[in-house]
Amino acid sequence: MRTNIDLVEVLVGHLGELPGLGVDVEAVDRFIDPDERLFTSDELAYCDAQADPAQSRAGHWCAKEAVSKACAKYLQLTLREIEIRAEPSGRPIVLLPDRAVAVGLAAEVSIAHADGTAMAVAVAALRKFDSTL
């Protein structure tokens, strides 16, 4: 018969297999004035081209924060190393630095806005490489 401690050990053992998770929420009005220290030039250009640049900047900032938190399970990244781009459909794409890609780290993010607030949720995981190729 398993004890509670045995079950906790099993649970902790499985947690290593779960992806990293990150979330961030920000007020849009904090991002009315663009701050070049927070974003890449491509991120700022994309946000400035949107109907509501402050909302877009807030969403991108939340995405960078959420990705940073999700990746922290595996590797500490600075927010300047994380870049958020968009597919033609508008779906956000996470670009990680070479040092993260080299160890197989990948991340996905979702961004939402409502009532003057932006938020993002991200997951990060290590990709498994097939060493037989």
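Axes here are lines fitted to C-alpha atoms, taken for helices over the stretch in contact, and angles run from 0 to 180 degrees between N-to-C directions. With that in hand, the helix pair of this predicted model is a handy place to start. Helix 2, residues 41-48, and helix 3 have axes that come within 8 Å and cross at roughly 140 degrees. Angles over 145 degrees would count as roughly antiparallel and those from 65 to 115 as roughly perpendicular, so helix 2 ends up oblique to helix 3. On the helix 2 side, the contact is made by Glu43, Leu44, Tyr46, Cys47 and Asp48. Helix 3 answers with Pro53, Ser56, Arg57, His60 and Lys64.

Stepping back to the whole chain, there are four helices and five strands. Read from the N terminus, the elements go α-β-α-α-β-β-α-β-β. Of the 133 residues in the protein chain, 34% are buried. As for contacts with a separation of 6 or more, 54% of them come from residues 24 or more positions apart. The accessible surface adds up to about 8,400 Å², and carbon and sulfur atoms hold 57% of that.

Next comes the sheet. Three strands make up an open sheet in the order 1-5-4, and the pairing is antiparallel. Strand 1 (20-27) and strand 4 (105-114) sit at the edges with a single partner strand each, so one side of each has no neighbour in the sheet. On average, and with direction ignored, neighbouring strands of this sheet are turned by 15 degrees against each other. In general, strands of a sheet pair through backbone hydrogen bonds, in either a parallel or an antiparallel way. Here, strand 1 and strand 5 (residues 117-126) run antiparallel and are joined by eight bridges. Within that pairing, Glu26 faces Ala118 of strand 5. Helix 3, which spans residues 53-71, packs on the sheet and touches strand 1, strand 4 and strand 5. The direction of helix 3 makes about 150 degrees with that of strand 1.

Two residues of helix 3 deserve a closer look. Ser68 lies in this helix and is buried, as its relative accessible area of 15% falls under the 20% limit. Leaving aside residues up to four places away in sequence, Ser68 touches Leu77, Leu79 and Ile82. Cys71 is also found in helix 3, and its relative accessible area of 0% makes it buried too. With the same sequence neighbours left out, Cys71 touches Leu77, Leu96, Leu105, Ala107 and Ala124. Leu77 therefore turns up in the contacts of both Ser68 and Cys71. Cys71 and Ala106 are 35 residues apart along the chain, yet 8.3 Å separates their C-alpha atoms.

That leaves the charged side chains. Side chains of opposite charge can pair when their charged atoms come close. Ten salt bridges are found in the structure. One of them brings us back to Glu26, whose side chain meets that of Arg30 at 2.4 Å, N to O. The two partners differ in burial: Glu26 counts as buried, at 13% relative accessibility, whereas Arg30 counts as exposed, at 54%.

Glu83 and Arg85 form another salt bridge, with their closest N and O atoms 2.9 Å apart. Glu83 is buried at 14% relative accessibility, while Arg85 is partly exposed at 36%. A salt bridge also links Glu87 to Arg91, and the closest N and O atoms there are 3.1 Å apart. Both ends of this one fall into the middle class: Glu87 is partly exposed with a relative accessible area of 31%, and Arg91 is partly exposed with 35%. Salt bridges with shared partners also tie Asp42, Glu83 and Arg85 into one network.

Notes: Residues are numbered from 1 along each chain as its sequence is written. This is a predicted model: local features need pLDDT of at least 70, side-chain atom pairs count only at pLDDT 80 or more; totals for chains, interfaces and linings use all residues. Side-chain values use heavy atoms; hydrogens and water are left out. Two strands pair if DSSP finds at least two bridges between them. Contact means heavy atoms within 4.5 Å. A salt bridge is a side-chain nitrogen of Lys or Arg within 4 Å of a carboxyl oxygen of Asp or Glu. Buried means under 20% relative accessible area, exposed over 50%, partly exposed in between (1.4 Å probe, protein chains only). Accessible areas come from the Shrake-Rupley method with a 1.4 Å probe; for residues, only the protein chains shown count as cover. Angles under 35 degrees count as roughly parallel, over 145 as roughly antiparallel, 65 to 115 as roughly perpendicular and the rest as oblique.
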